[in-house]
Amino acid sequence: MDKLIIRGGNRLSGTIPISGAKNAALTLIPCALLTDEPVTLRNLPRLADIDGFQHLMNQFGVNTAIQGTRPEDFGRTMRLEGTRITSTVAPYDLVRKMRASILVLGPMLARSGEATVSMPGGCAIGNRPIDLHLKALEAFGAEIELTQGYVKAIAPDGGLPGGDFDFPVVSVGATENALMAAVLANGTSRLTGAAREPEIVDLCNLLTAMGAEIEGIGTSDVTVHGVKRLNGATYKVMPDRIEAGSYACAAAITGGEVRLEGANAADMISTLSALRNIGLEIKEDAKGVNVAANGPLKPVDLTTAPFPGLATDMQAQLMSLLCKAEGTSVLKETIFENRFMHVPELTRMGADISTQGRTAVVKGPAQLTGAEVMATDLRASMSLIIAALAAEGETQVRRIYHLDRGYERLEEKLQLVGADIERVDD
């Protein structure tokens with residue numbers, strides 16, 4: 001198993017290319033189940049989760065091919081062709097490490113009339129039930145059965161009729177599954193209280209390119225008019241707003257200045273607003289975002305919320321940055337109940353953080369020092385990297401397989417802007 005060794009103190013300066021969004025890519029890949037024509041996805045990040053999802057698609061009989069990429073390139077292109085679905089079962093061994101696997105349930109049900117999917121795994125950041133996924137599909141006419149750790153969904157003869165569903169709370173994954181199920185339904189489906197994240201807009205844009213009829217894209221009220229079939233398409237995955245925000249925090253904590261090449265500021269409004277309030281200078285243009293730390297970092301109060309609010313996936317990284325702010329900051333986590341697992345590890349590095357329930361109080365500026373730390377989940381892993389970049393001495397980060405699930409060649413990108421970071425065998 002690998003570990004990362006970071007020697008802190010270097011000011012980050014230069015350009016970091018932003019990869020395609022993991023959270024979007026894992027939603028776009030299962031769209032290939034909705035058509036017998038090829039779907040080609042460009043700008044896919046090179047990540048363990050993408051590889052895992054590719055294997056899952058192969059399980060269903062979808063042929064996949066990675067097109068002409070060089071090892072030194074960031075991103076890649078994948079062609080998926082599901083001419084004939086040979087299995088409608090997503091087995092435990094392929095699903096257990098990746099929560100996004102549940103996103104095959106809707107499209108498989110819509111196309112094949114049935115789907116059997118193991119209950120998903122993923123990061124242990126709290127209770128993330130799939131009940132809203134199942135209730136939405138039931139509203140569209142599916143019969144759902146839970147047995148021996150699997151979800152089995154069956155459509156009526158002739159396919160899903162479609163229907164209306166009102167989300168009692170915002171759910172990104174359930175919205176995505178519902179959209180993919182609705183596009184091939186026999187009638188019109190209406191989603192009220194739907195999630196509005198940019199990754200969902202990306203999904204709708206691909207589905208539209210494939211021939212789906214969707215109204216209200218980017219709003220909480222979405223109407224889908226079912227069509228009899230979808231065609232193939234070629235589509236470029238949106239840039240990763242969480243990766244871009246993470247590297248912005250990394251630059252800021254070192255007093256540096258970086259250009260986030262390819263980042264889309266419109267997808268990052270809440271993150272960029274938080275960074276501006278912390279004292280960073282942000283400049284946006286059509287091709288990326290520049291982030292510069294030209295003065296002291298200021299304390300802020302932040303609360304995570306569904307889009308357009310502050311993404312929960314940015315909470316841990318911002319917490320690390322605020323360890324260096326001159327004063328007391330308060331962070332409230334409203335999405336997941338167990339997303340402060342990075343706090344004990346940051347405390348080992350000298351951070352002054354106290355938690356009560358879903359609220360964390362960060363007192364700065366802390367004198368961070370290198371230590372041996374353990375990554376607990378994907379974004380917590382990145383928070384430790386950020387803290388290590390500003391820490392005195394050497395930090396060793398273990399269990400970095402979490403990072404490989406969500407950050408494409410992280411150490412290479414940080415090396416591009418001057419970080420002293422290397423991957424070694426543990």
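**Entry 1: the E3 and E5 pair, and its sheet**

I began with strand E3 (residues 39–44) and strand E5 (residues 76–81), which pair in the antiparallel sense over four bridges. Looking for a register point in this predicted model, I noted that Thr40 stands opposite Arg79 in E5. Helix H7 (residues 198–209) packs on the sheet, where it touches E3 and E14, and its direction makes about 155° with that of E14.

I then followed the sheet outward and wrote down its order as E4-E5-E3-E14, an open arrangement of four strands with mixed pairing. Strand E4 (63–67) and strand E14 (233–236) stand at the edges with a single partner strand each, so one side of each is left without a neighbour in the sheet. From one strand to the next I read an average twist of 20°.

While still on E3, I checked the backbone of Asn43, which lies in that strand. Asn43 has a positive phi of about 65° although it is not a glycine, and I marked the residue for that reason.

**Entry 2: a second mixed sheet**

I next looked up another open sheet, also built from four strands and with mixed pairing, whose order I recorded as E6-E7-E9-E8. Its edge strands are strand E6 (89–90) and strand E8 (143–147), each of which pairs on one side only. E6 and strand E7 (residues 114–118) pair in the parallel sense over two bridges, and within this sheet I found Val89 opposite Thr116 in E7. Helix H4 (residues 105–112) lies across E7 and strand E9 (150–154), and I noted that H4 runs at about 155° to E7.

**Entry 3: cavities**

How many cavities of 30 Å³ or more are there? I counted four, and I went on to the largest, which holds about 70 Å³ of space. I listed the residues that line the largest cavity as Arg241, Ile242, Asp267, Met268, Ile269, Ser270, Thr271, Phe307, Pro308, Gly309 and Ala311. Sorted by class, this lining has six nonpolar, three polar and two charged residues.

Which helices supply at least two residues each to the lining of the largest cavity? I found that helix H8 (241–253) and helix H9 (269–278) both do so, and that the largest share, three residues, comes from H9.

**Entry 4: cis peptide bonds**

Two of the lining residues, Phe307 and Pro308, led me to the backbone between them, where the peptide bond from Phe307 to Pro308 is cis, with omega near 15°. Pro308 lies in the loop between strand E18 (301–303) and helix H10 (315–322).

I also recorded a cis peptide bond from Gly364 to Pro365, with omega near 0°. Pro365 is found in the loop between strand E21 (359–363) and strand E22 (372–374).

**Entry 5: the whole chain**

I closed with the overall dimensions, after noting that the secondary structure of the protein comes to 14 helices and 24 strands. Taken along the principal axes, the C-alpha atoms fill a box of roughly 65 × 45 × 45 Å. Why does the radius of gyration agree with a compact globule? With 426 residues, such a globule would have a radius of gyration near 22 Å, and the protein has 21 Å, so I entered the two values as agreeing.

Definitions and conventions:
Residues numbered from 1 in each chain as written. Predicted model: local features only at pLDDT ≥ 70, side-chain atom pairs only at ≥ 80, totals over all residues. Heavy atoms only, no water. 1 Å grid on protein atoms, 1.4 Å probe; cavity = no way out; pocket = protein on both sides within 12 Å on 5 of 7 lines; lining within 4 Å. Points joined across faces, edges and corners; volume = space filled by probe spheres on them. Nonpolar A, V, L, I, M, F, W, Y, C, P; charged D, E, K, R; others polar. Pairing = 2+ DSSP bridges. Contact = heavy atoms within 4.5 Å. Axes fitted to C-alpha atoms, helices over the stretch in contact; angles between N-to-C directions. Rg over C-alpha atoms; globule rule 2.2 N^0.38 Å.
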